[in-house]
Amino acid sequence: MNGQQFWQLVEAARDQARHPDDAQDVAHRATERLATRPAEEIVAAQQVLWDLMADSCTNPLWAAAYLINGGCSDDGFDNFRGWLISAWRPST
């Protein structure tokens, strides 16, 4: 699974979610979709996610999360980045 396929998976999960802005619901539905795929695709999707998480670990984004949430712990920043990934798709 490459980045484009990952974003298609997230978008399909978001479209299926009752509330597309509910990151947990989107993640759950993406997980359900991934569970039907071969192990190699699941591992590749995980790598894409970890790359996105690593790329998004920046001071400016942490500052934004801090302002938006009225504070931001390490775990809170991870959750914020996960929400951001579930809610956003980069332009292609």
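**Salt bridges, cores and ring pairs**

Arg37 is partly exposed, with a relative accessible area of 31%. Keep in mind that this is a predicted model. Arg37 is a good place to start, since it leads to a charged partner. That partner is Glu41, and the two form a salt bridge. Their closest N and O atoms are 3.3 Å apart. Glu41 is also partly exposed, at 28% relative accessibility.

How many salt bridges does the structure hold? There are 3. Another of them joins the side chains of Arg29 and Asp25, with 2.7 Å from N to O. Both residues sit in helix 2, 4 residues apart, which is about one turn of the helix. An α-helix has 3.6 residues a turn, so residues three or four places apart point the same way. Are these two charged residues buried or exposed? Arg29 has 16% relative accessibility, so it counts as buried. Asp25 comes to 15%, so it is buried too. The cut-off behind both calls is under 20%.

Helix 5 carries a salt bridge as well. Here Arg81 pairs with Asp78, and the closest N and O atoms are 2.3 Å apart. The two residues lie 3 residues apart in helix 5, again about one turn. Their surroundings differ in exposure. Arg81 is buried, because its relative accessible area is 6%. Asp78, at 35%, is partly exposed.

Now go back to helix 2 and look at the whole element. It has 13 residues, which at 1.5 Å a residue should span 18 Å. Its end C-alpha atoms are 18 Å apart, so the model agrees with the expected span. At the start of this helix, a side-chain oxygen of Asp22 comes within 3.1 Å of the backbone nitrogen of Gln24. Several helix 2 residues are buried: Ala23, Asp25, Val26, Arg29, Ala30 and Leu34. What covers them? The cover includes helix 1, helix 3 and helix 5.

Ser86 gives a view of this packing from helix 5. Ser86 lies in that helix, which runs over residues 74-87. Its relative accessibility is 8%, so Ser86 counts as buried. Beyond its neighbours within four places in sequence, Ser86 contacts Val10, Arg14, Ala23 and Val26. Two of these contacts, Ala23 and Val26, are among the buried residues of helix 2. The side chain of Ser86 also has a polar partner within its own helix's stretch of chain. One of its polar atoms lies 2.8 Å from the backbone oxygen of Trp83.

Next, the nonpolar interior. The largest nonpolar core has 15 residues. Which of them touch the most other members? They are Met1 and Phe6. Helix 1 (3-16), helix 2 (23-35) and helix 3 (39-55) each supply at least two residues of this core. Helix 1 gives the most, with 5 residues. Phe6 shows how the contacts spread. Leaving out residues up to four places away in sequence, Phe6 touches Met1, Ala45, Val48, Leu49, Leu52 and Ile85. There is also a second, separate core of 5 residues, including Leu61, Ala65, Cys72 and Phe80.

Finally, turn to the aromatic rings. A pair of rings is described by the distance of the centres and the angle of the planes. The count here comes to 3 aromatic pairs. One is the stacked pair of Trp62 and Phe77, at 4.4 Å centre to centre and 15 degrees between the planes. This pair links distant parts of the chain, 15 residues apart. Trp62 belongs to helix 4 (residues 59-69), and Phe77 to helix 5. Trp62 is at 25% relative accessibility, so it counts as partly exposed. Phe77, at 1%, counts as buried.

Another pair is formed by Phe80 and Trp83, and this one is tilted. Its centres are 5.6 Å apart, with 40 degrees between the planes. Both residues lie in helix 5, 3 residues apart, about one turn of the helix. Phe80 counts as buried at 8% relative accessibility, whereas Trp83 is partly exposed at 37%. Both rings have appeared before. Phe80 is a member of the second core, and Trp83 offers its backbone oxygen to the side chain of Ser86 at 2.8 Å.

Methods. Residues numbered from 1 in each chain as written. Predicted model: local features only at pLDDT ≥ 70, side-chain atom pairs only at ≥ 80, totals over all residues. Heavy atoms only, no water. Buried < 20%, exposed > 50% of the residue type's maximum accessible area, 1.4 Å probe, protein only. Polar contact = N/O pair within 3.5 Å; in protein donor to acceptor, adjacent residues only side chain to side chain. Contact = heavy atoms within 4.5 Å. Core = buried A, V, L, I, M, F, W, Y, C linked by side-chain atoms within 4.5 Å. Salt bridge = Lys/Arg side-chain N within 4 Å of Asp/Glu carboxyl O. Expected span 1.5 Å × (residues − 1). Phe/Tyr/Trp six-rings, centres within 6.5 Å; stacked < 30°, edge-to-face > 60°.
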